[in-house]
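Work through the exercises below with the model open. Try each task before reading its solution.

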Amino acid sequence: MSKKLGIIWNYLAHYKYLIVIVAGVLVVGVVDDNSVRQHIKYQIEIATLRSEIEKYREQYENDKHTLRDMQHGARAFEKIARQRYFMKTDDEDIFVLSSDIPEKTNEQDENETIE
């Protein structure tokens, strides 16, 4: 038993600097709260949040412009009602065009026959 411990101790003593360097890289790169992995994760989250900030800033500017138009005239109310809520007057028809293609389900595929 003592002989085996002596062999292991000599092996560890021979590679002590390599073992310390590998352990340090593992701690700094993976395990620690300030690791490189966490740093990359935080950078990705920051980029996502900045894109959301930009999206909401554009939405805010559009809403501010719409509110300003609504404060200056009643024509803006009609425009918003027509565009967003598809409202119409009594003497006109509204056609809503959509580019959405309905997806076929498996039941539809089974019921269809090829002629």
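Helices (H or I, at least four residues) and strands (E, at least two) are DSSP runs, numbered from the N terminus. This is a predicted model: local features need pLDDT of at least 70, side-chain atom pairs count only at pLDDT 80 or more, and totals for chains, interfaces and linings use all residues. Residues are numbered from 1 along each chain as its sequence is written, and side-chain values use heavy atoms, with hydrogens and water left out.

**Exercise 1. Fold and confidence**

Task: State how many helices and strands the protein has, and which element has the lowest mean pLDDT.

Solution:
- Step one: count. The protein holds five helices and zero strands.
- Step two: read the order. From the N terminus the elements run α-α-α-α-α.
- Step three: check confidence. pLDDT is the predictor's confidence in each residue, from 0 to 100. The protein averages 82, and 90% of the residues score at least 70.
- Step four: rank the elements. Helix 5 (residues 106–111) has the lowest mean, 57. Helix 3 (residues 36–72) has the highest, 93.

**Exercise 2. Surface and cover**

Task: Find what percentage of the protein's residues count as buried, and how many of those in helix 1 do.

Solution:
- Step one: set the cut-offs. Buried means under 20% relative accessible area, exposed over 50%, partly exposed in between (1.4 Å probe, protein chains only).
- Step two: apply them. Of 115 residues, 6% count as buried.
- Step three: take the area. The accessible surface comes to about 11500 Å² (Shrake-Rupley method, 1.4 Å probe). Carbon and sulfur atoms own 59% of that surface.
- Step four: look at helix 1 (residues 2–14). Its count of buried residues is zero. Helix 1 reaches 18 Å from first C-alpha to last, close to the 18 Å expected at 1.5 Å a residue (1.5 Å times one less than the number of residues).

**Exercise 3. Annotated spans**

Task: Compare the UniProt features with the modelled chain at residues 12–31 and 39–66.

Solution:
- Step one: read the record. The unreviewed UniProt entry places a "transmembrane region" at residues 12–31 and a "coiled-coil region" at residues 39–66. Such annotations may be inferred rather than shown by experiment.
- Step two: test residues 12–31. The span is 95% helix and 0% strand, with end C-alpha atoms 23 Å apart.
- Step three: test residues 39–66. Here the chain is 100% helix and 0% strand, and the end C-alpha atoms are 41 Å apart.

**Exercise 4. Ser-35 and Val-25**

Task: Is Ser-35 buried or exposed? Is Val-25 buried or exposed?

Solution:
- Step one: locate them. Ser-35 lies in the loop between helix 2 (16–31) and helix 3. Val-25 is in helix 2.
- Step two: classify Ser-35. Ser-35 is buried, because its relative accessible area is 1%.
- Step three: classify Val-25. Val-25 counts as exposed, because its relative accessibility is 54%.
- Step four: gauge the separation. The two residues are ten apart in sequence and 9.6 Å apart in space, C-alpha to C-alpha.
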